[in-house]
Structures are given as C-alpha cells and as structure tokens.
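Here's a quick briefing to read with the model open in your viewer. Take a look at the sequence and the fold, then carry on below.

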Amino acid sequence: MNLLAFFFFEALVIYLAILVMLAVFWRKSKGKTSEKINVFDYPVTLLVPFRNEKSQLPKLLESLEKLTYPSLQVILIDDSSEDGGAEYVDSWIKGKSYSHFLMVQSQAQGKKGAIEQGVVLSNGYIILTTDADCVLPSDWVENMLQPFNDPKVQMVAGPVMSEGRKSNFNQFQQIEWSSILLMTNFFFQINKPIMCSAANMGYRKEAFQHLGGYQGNREQSSGDDSFLLEKVVRAFGYHAIHYFTDEKVLVKTKAEKNWSLFIAQRARWVSKWNKHQSMENAFGAVVTAGFSLASLLSPLLLLGSGLMPLLFLLYWVLKLGVEYVVMNKVLEGYEIKAPFLSFIYASFCHPCFVIVVALSSFFGKFKWKGR
C-alpha cells in the first residue's frame, strides 16, 4: 500500500510542478504584452464563417458594428445555413447600409472552404477571423494588429474565454478554458505551439496564400486554426508567430448549454491529436489523461490503514489548492470572478471529464453544426 501512496503522490508532484511552470510562463507573457506600440492603418479584413447560428447572429453583429478600426472590411460567409441565418445577415446589412460589410454564400462545404473563399474576396493585408458565437472588444482589431509591427510576424493568436453565468457548469467551463490558455501560452513561449483558436486569430494574407490555405488538411472537419498554425511554423519558423494574452484582445464565446455538447466539442478537438506532425500534441494529451486517471483511482488510498485516509485528503487538498491559485490568477487577469466552490466542483469533475473526452475522441462519431 505504501507503494500505492508513492505512485499517487509522485503523479501529483509532477502535475503540480507542471501547473507552477505554466503559471510562471503565463506571468512572463503578461509582462511582454503590456507594452503598446503604434497602430497600423492599412486595410484589414475580418472573416466570420457561420452555419445554423441564427440565434447568435444579433449579438455578433452588434459587436461587429462597434469595432472602431477605420480601414476594416467585414465578410460574413454562410456555410449553407438551414435556419434562415443568411437571410437575417443579408437583411441586417441592407438595413444598416454598411458598405464595409459583405455577406457571401460559401461555394465549398465546411468552415475551411468558407474561410478560403473569404480570403479570396478580401481586400485587407491582414486577415482576422472569429466565430459567429463570439463577442469582440471594440478596439480588438487595433490591438490584434500590434504584433504585426514586426515584419517577421506572420500569425497572431489571442485568448478565448466562455461567457460567464452563475452556475457551476458555466464556471467549470471558464476554469477549463483557463487551463487551455495556460497550455497554449506555454507551448508558444517555448517555441513549440500546438494549438490556438480561430475565434481569435489573424495572419498576413500573403502568408495564407503562400501556404496554399488549408491544402493538405481540408478533409478534417475542424482544425482551421491548429493546422494553419502548424503550417506557418513549418514555413516561416517560430519567430513568425505570436500569442497575445492581454485582456484587450480577449474574445468571449458562448458557453455550451450542457455536458453532452461540451464533451462533444472537446472530443472533436482532441480527436485531431494524431493528425498533427508534432509529438507535443500527443505528449500533452497523454500527460493530461494519465494524471486524470490517477486522480480517479486515488480513492484506493481509502482502502489502506493508518495514515492512508489522511494521505487521500492531503492529495486532494494539494491538488485543489494549487489549481485554485494558478487558474484563478488567469481568470482574475480577465476580470472574471469564480467562487472557491466552483474550483472544488471543477477539481473533482475535471478528471472524469478528461477521461470521457479521451474515450469519446477515439470512439465517438462527431457532428458539427448539423453535419
């Protein structure tokens, strides 16, 4: 039984050391992004593909019309919506008489095809992308452009966070997002980027065209962000990418309505791990799943005698304590207040969540927006 305790605490020490390391790199990145440089004034195009998201469009459009960047073209690309979303956007644009807004029907099936068509139609030097279920800060474009002051930078990615509501499930999603941001930032900082989100991303149009767009991975139903990131790094090197953690560029996305949808979304993301050409994706997935499995098996300590029940309690107190300090710091940086009880809920639920997502990624059948 002593060997069993040693196994669990060895796994815990590794996990906590990783969390502390992620926190250190997060703090370093916040220092780097606080400096404001000059602002570009050349044309920028924002692409927003959408499919069957009519209920999200009013909030999206309200956010888009508040963007303050003067030389901005907004292209909304309808990916064969069946809910009247395209008609809604078309009517909205005509009603507002905005000349810099454009809606087009995608000639290809899927998000990647929609984005490639948007790039062809764009008149901007820089392409920014977001999703239809997102809300953007009014000066988001200006701030996302800052890293492009460096001519070596070809691609910029920023943080995404689900919108908050006072429920354990929604706060669980925010805490889970904070762990994603920590991981994303860490791998960018060590020049081994493995993921980013197309909900908050930008790149030079010339770079996208030079890479042939999504040629080579168009058959994947998602990954319009991570696959492109991988191609940019391969073609231009690590100095060509920049991850922006600043609050000024935070994009808020709709929280998933229930566990089933949330697990399906994450499983779809995770299912791409073996499609990438770097070992970092597999390493991150294996470490996360391994520690989650150890946490799920930790109640075995309660079967022991003597100090074993106390060791079980110590295991979870240490896990919860470090998770709270590290992830709450990320949330506070975005002015998100999550109660301590939500961290208790997340700490106990997350290991189950990870294992279910991992199994679903192997054996699940994925549908995305009706396909």
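What follows is a short tour of the sheet, the aromatic contacts and the nonpolar core.

Keep in mind that this is a predicted model. Its sheet is open and has seven strands, and its rings give 29 aromatic pairs. Tyr203 is a handy residue to keep an eye on: it turns up in the core, in a stacked ring pair and in a strand pairing.

**The sheet**

- Reading across, the strand order is E3-E2-E1-E4-E8-E6-E9, with mixed pairing.
- Strand E3 (101–105) and strand E9 (241–243) are the edge strands; each has a single partner strand, so one side of each has no neighbour in the sheet.
- On average, neighbouring strands here are turned by 20° against each other, if you ignore direction.
- Strand E1 (residues 44–50) and strand E4 (residues 126–129) run parallel and are joined by four bridges, with Thr45 opposite Ile127 in E4.
- E4 is also joined to E8, this time antiparallel, again by four bridges. Ile127 has Tyr203 in E8 as its bridge partner.
- E6 and E8 are antiparallel too, paired over three bridges, and Ala157 sits opposite Met201 in E8.

**What packs against it**

- Is strand E8 (residues 201–204) covered on one face or both? Both: Met201 and Tyr203 are buried on one side, and Gly202 and Arg204 are buried on the other.
- Helix H6 (residues 168–189) lies across strand E6 (155–157) and E9, and it runs at about 145° to E9.

**Aromatic pairs and a cluster**

- Of the 29 aromatic pairs, one to look at is Phe25 with Phe186, an edge-to-face pair at 5.0 Å centre to centre with 90° between the planes.
- That pair links distant parts of the chain: Phe25 belongs to helix H1 (residues 2–32) and Phe186 to helix H6, 161 residues apart.
- Why does Phe25 count as buried? Its relative accessible area is 19%, and buried means under 20%. Phe186 is buried as well, at 11%.
- Tyr203 and Phe208 make a stacked pair, because their ring centres are 5.2 Å apart and their planes are at 15°. Both of these residues are buried.
- There's also an aromatic cluster made up of Phe7, Phe8, Phe9, Tyr15, Phe291, Tyr315, Trp316 and Phe348.

**Charges over rings**

- Phe25 has another partner: the charged end of Lys28 sits over its ring, 5.0 Å from the centre.
- Arg266 does something along those lines with Trp177, lying over its face at 4.8 Å from the ring centre.

**The nonpolar core**

- The largest nonpolar core has 108 residues, and the members touching the most others are Leu64, Leu76, Trp140 and Tyr203.
- Which element gives the most to this core? That's H1, with 11 residues.
- Leaving aside neighbours within four places in sequence, Tyr203 is in contact with a long list of residues, including Ile115, Val119, Tyr125, Phe148, Met155, Tyr214 and Leu228.
- Among the other contacts of Tyr203 are Ile127 and Phe208, which are also its bridge partner in E4 and its stacking partner, respectively.

Key: Residues are numbered from 1 along each chain as its sequence is written. This is a predicted model: local features need pLDDT of at least 70, side-chain atom pairs count only at pLDDT 80 or more; totals for chains, interfaces and linings use all residues. Side-chain values use heavy atoms; hydrogens and water are left out. Two strands pair if DSSP finds at least two bridges between them. Helices (H or I, at least four residues) and strands (E, at least two) are DSSP runs, numbered from the N terminus. Axes are lines fitted to C-alpha atoms, for helices over the stretch in contact, and angles run from 0 to 180 degrees between N-to-C directions. Contact means heavy atoms within 4.5 Å. Rings of Phe, Tyr and Trp (its six-membered ring) pair if their centres lie within 6.5 Å; planes under 30 degrees apart count as stacked, over 60 as edge-to-face and the rest as tilted. Buried means under 20% relative accessible area, exposed over 50%, partly exposed in between (1.4 Å probe, protein chains only). A charge sits over a ring if NZ of Lys or CZ of Arg is within 6 Å of the ring centre and within 35 degrees of the ring normal. A nonpolar core is a set of buried Ala, Val, Leu, Ile, Met, Phe, Trp, Tyr and Cys residues joined through side-chain atoms within 4.5 Å.
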